[in-house]
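Work through the exercises below with the sequence and the model side by side, and attempt each task before reading its solution.

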Amino acid sequence: MRAFTDSRNGATQDELWCLEHEPVFTQGQAGKPEHLLVTGTIPVVASDRGGQITYHGPGQLVVYPLLDLRRRNMGVRQMVSLLERSCIKLLAHWQIEAYAKEDAPGVYVAGHKNQAECKIASLGLRVRKGCCYHGISINVAMDLAPFRQINPCGYAGLDMAQISEFTQDVDVCQVADRFIFVLTQALGDSAAVID
């Protein structure tokens, strides 16, 4: 992502990268080591994105929007909001009521698992040369246990949710297809999609 961003020029087409990671904790630039509660076999990788520590693993859709924000006349806050709104619209497709919070980027659901609030999607961006990279991770059908080894996104006791807890027969590819449709609609174009 960094190499792609550094090599861009004004004519470089925007891209959306969709993937699943092998199990990994990523620690954002402002990340505090005390948010890693339990060390274990899952590697911890320093990341140049914003935010604290999070977990990525199989069954989670990760979308990296590699976009020229200057060309789109967008600021980073607008991009964060656009990703959150797109995720909320995606989740509505499966009748999942979700919302964003002004003070904590990501997407949340209320009243699930006897919790007042659970996080279903995490978000962290980096902007260089007017272009963004990193992105959003949406929990689809994964092992959520590793999230208990951390304070997700720096919040102690934050519980995580996933789409498969609300609907059956959902997989990462289905969610990726739907999210790309919603996101490119919100962006008003069709960026190249890299699977």
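**Exercise 1.** Which residues of α2 are buried?

*Solution.* The model is a predicted one, in which local features need pLDDT of at least 70, side-chain atom pairs count only at pLDDT 80 or more, and totals for chains, interfaces and linings use all residues. Residues are numbered from 1 along each chain as its sequence is written, and side-chain values use heavy atoms, with hydrogens and water left out.

Begin by locating the helix, given that helices are DSSP runs of H or I with at least four residues, strands are runs of E with at least two, and both are numbered from the N terminus. Helix α2 comprises residues 76–92, and its 17 residues reach 24 Å from the first C-alpha to the last, close to the 24 Å expected at 1.5 Å a residue.

Next apply the burial criterion (under 20% relative accessible area is buried, over 50% exposed, and in between partly exposed, with a 1.4 Å probe and protein chains only). The residues of α2 that meet it are Met79, Val80, Ser81, Leu82, Leu83, Glu84, Ser86, Cys87, Leu90 and Leu91. Their cover includes strands β5 (60–68), β6 (99–101), β7 (104–112), β8 (115–128) and β9 (131–139), together with helix α3 (172–187).

**Exercise 2.** Why does Cys87 count as buried, and with which residues is Cys87 in contact, leaving aside its neighbours within four places in sequence?

*Solution.* Cys87, found in helix α2, counts as buried because its relative accessibility is 0%. Taking contact as heavy atoms within 4.5 Å, and leaving aside neighbours within four places in sequence, Cys87 touches Val107, Ala121, Ile136, Ile138 and Phe179. Turning to Phe179 with the same exclusion, its contacts include Leu61, Val63, Leu83, Cys87 and Leu90.

**Exercise 3.** Which residues have the most contacts inside the largest nonpolar core?

*Solution.* A nonpolar core is a set of buried Ala, Val, Leu, Ile, Met, Phe, Trp, Tyr and Cys residues joined through side-chain atoms within 4.5 Å. The largest has 38 residues, and those with the most contacts inside it are Leu61, Met79, Ile136, Ile138, Ile163 and Phe179. At least two residues of this core come from each of β1 (15–19), β5, α2, β7, β8, β9 and α3. Another core, of nine residues, lies apart from it and has Ile42, Ile53, Leu144 and Ile150 among its members.

Terms used. The expected span of a helix is 1.5 Å times one less than its number of residues.
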